[in-house]
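Hi,

Here is the structure I promised to pass on. Have a look at it first, and then read on for my notes.

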Amino acid sequence: VHGALNHIQRLDENRIKVQQESIKIQQVTLKYTQDVNEYFDSIINKINKKRQSILDNLIQLQNNKSSELQQQQYKIEECNQQLKSIINEMDNYISNRSAVDIIIQSNQKVPFEIQSKLNSIIDEVYSLNELYCTASDIELNIIDTRLPELTSWINNLSNVYDNSQTRCFSIYGRIIRQFDSPRGIVLWNGNIIVADSNNSRIQFTDPQYIKSIRLPFKPTGMVVSTRREIFVAGLNNCEINVINIDGQILRKWGSKGIGDGQFGKYLYGLTLCETRNEVYVADLSNNRIQVFDINGRFIRKFGRKGINDGQFNCISSVAYSKFSNEVFVSDHWNHRIQVFKPDGTFIRKWGSEGNGQHQFKNPSHVIVSEFNEVMVSDRENHCIKIFKTDGQYLRQINLPNDGQPVDITTSPNGLVYVSDNFNHCIHYCKLK
């Protein structure tokens, strides 16, 4: 009995020690939380002050058009350095992860609050970048340093970068203006519409956030009709859904299977031929193109698995050319582009596996641009290759950071937008 009493006494002493340690941890956590919050508040205040300073400089530039180009560049570079100093200051503080680690262990709500502040800072960086570009006549490279991967609780926050050929916008995440595996991308009425696949939504941007539409499936490929209807292919749901710009599902068709009007597990690419009121769907798993009217009535199909002309091995995309009345298909694992008449008659092909001008490594998407050029997402070669419609190589756009291009769209003023589901962002550049 005496031994048992001693044991109980030792347990009580240990319990008291644990309680005391717990109180200390809570106090330390509170201190770190306050420090982090206060620090980011100070950064936001600094950015607001710098913003006003930058605005003043830019207004002065606009009111003094007769000043020398070299003087303008000097003043803008001075503003640029101010912005970089803020970013570096933020980076240096966050490089010490001990405070963040303690917060994570104690309270998961705190990192979300801090993340919101980080997003506010990033929004300021974006707006300053756009402010430079709109307020000055000079071609600028404003953000040439990457925002750091803040910590693991930011979910591998992607970077804002700007290089000599392409720029990008958005970061990895689940809140507005963030993407998780963006795939389909189309341009409609001046807005960029992105299939934010793993977040089960479509986002409208320009590239500033406009709105998002939540969907009951993971969207992949998209095409928009002149009737303001969005045709959306989905991952794992074996359906084509037609929605309006407000997100209301107007109609849908399809089910899992190999019959006419049925689809395999994976659907990515689709295109419209509005002169014939036809929808072409790349039925990836069944290695065929299926053609429907705009209401979903099956019309015809062509293709089967193989390596010969007119055969496919994983169809990832299909595009209709209004210029030549031809259908272009990206034959993913055969590493080639095949061209057909609308009735499915084979016309020509080009491509083989490799990294040469006329070679591909798993081409994921094909479009015919506003300028009657064939643009191919050469996924594993990290570039967009551009051809004439007969397959003659013209040029290519290389993506930074081992970007893996998925879908492509172009604007009438010569901008190219590319979804990158590896870096969770949208690249854009001016066609040369």
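**Strand S9 and its surroundings**

Let me start with one pair: Glu229 has Asn244 as its bridge partner in S10. Keep in mind throughout that this is a predicted model.

That bridge is one of five joining S9 to strand S10 (residues 240-244), and the two strands run antiparallel. They make a hairpin with four residues between them, and in that turn Asn236 has a positive phi of about 75 degrees.

On its other pairing, S9 meets strand S8 (residues 218-224), again in the antiparallel sense and over five bridges. Here Pro219 stands opposite Gly234 of S9. S8 and S9 also form a hairpin with four residues between the strands, where Arg228 takes a positive phi near 65 degrees.

How many residues of S9 are buried? Seven of the seven in strand S9 (residues 229-235) are. In a regular strand, side chains alternate between the two faces of the sheet. In S9 both faces are covered: Glu229, Phe231, Ala233 and Leu235 are buried on one side, and Ile230, Val232 and Gly234 are buried on the other.

Now step back to the sheet that holds these strands. It is open, has four strands in the order S8-S9-S10-S11, and pairs antiparallel. S8 and strand S11 (249-253) are the edges; each has a single partner strand, so one side of each is left without a neighbour in the sheet. On average, neighbouring strands of this sheet are turned by 25 degrees against each other, direction ignored. S10 and S11 run antiparallel and are joined by four bridges, and Ile240 stands opposite Trp253 in S11.

**Ile243**

One residue of strand S10 that I looked at individually is Ile243. Is Ile243 buried or exposed? Its relative accessibility is 0%, so Ile243 counts as buried. Leaving aside neighbours within four places in sequence, Ile243 is in contact with Ile202, Leu215, Arg228, Glu229, Ile230, Val232, Gln248, Ile249 and Leu250. Two of these names came up above: Arg228 is the residue with the positive phi in the hairpin of S8 and S9, and Glu229 is the bridge partner of Asn244. For Val232 I also have a distance: Ile243 and Val232 are eleven residues apart in sequence, with 7.7 Å between their C-alpha atoms.

**Another four-stranded sheet**

Further along the chain there is an open sheet with the order S12-S13-S14-S15, four strands with antiparallel pairing. Its edge strands are S12 (267-273) and S15 (298-302), each of which pairs on one side only. From one strand to the next, the twist averages 20 degrees.

Within this sheet, strand S14 (residues 288-293) and S15 pair in the antiparallel sense over four bridges. If you want a pair to click on, Ile289 has Phe302 as its bridge partner in S15.

**A polar residue in a loop**

Asn421 sits in the loop between strand S25 (415-420) and strand S26 (425-430). How accessible is it there? Asn421 comes out at 11% relative accessibility and therefore counts as buried, the cut-off being under 20%. The side chains of Asn421 and Arg379 are joined by a polar contact of 3.1 Å. Beyond its neighbours within four places in sequence, Asn421 is in contact with Ser181, Pro182, Arg183, Arg379, Gln404 and Val406.

**Cysteines and the chain as a whole**

How many disulfides are there? The count comes to zero. For two of the cysteines I have accessibilities: Cys273 has 0% relative accessibility and so counts as buried, and Cys314 has 8%, so Cys314 counts as buried as well.

As for the overall figures, the chain has four helices and 26 strands. Of its 432 residues, 54% count as buried. The exposed area is about 20500 Å², with carbon and sulfur atoms supplying 48% of it. Among contacts between residues at least 6 apart in sequence, 47% join residues at least 24 apart.

That's it from my side.

Cheers

Note on methods: Residues are numbered from 1 along each chain as its sequence is written. This is a predicted model: local features need pLDDT of at least 70, side-chain atom pairs count only at pLDDT 80 or more; totals for chains, interfaces and linings use all residues. Side-chain values use heavy atoms; hydrogens and water are left out. Two strands pair if DSSP finds at least two bridges between them. Axes are lines fitted to C-alpha atoms, for helices over the stretch in contact, and angles run from 0 to 180 degrees between N-to-C directions. Buried means under 20% relative accessible area, exposed over 50%, partly exposed in between (1.4 Å probe, protein chains only). A polar contact is a pair of N or O atoms within 3.5 Å; within protein, one must be able to donate a hydrogen and the other to accept it, and residues adjacent in sequence count only if both atoms are side-chain atoms. Contact means heavy atoms within 4.5 Å. Accessible areas come from the Shrake-Rupley method with a 1.4 Å probe; for residues, only the protein chains shown count as cover. A disulfide is a pair of cysteine sulfur atoms within 2.5 Å.
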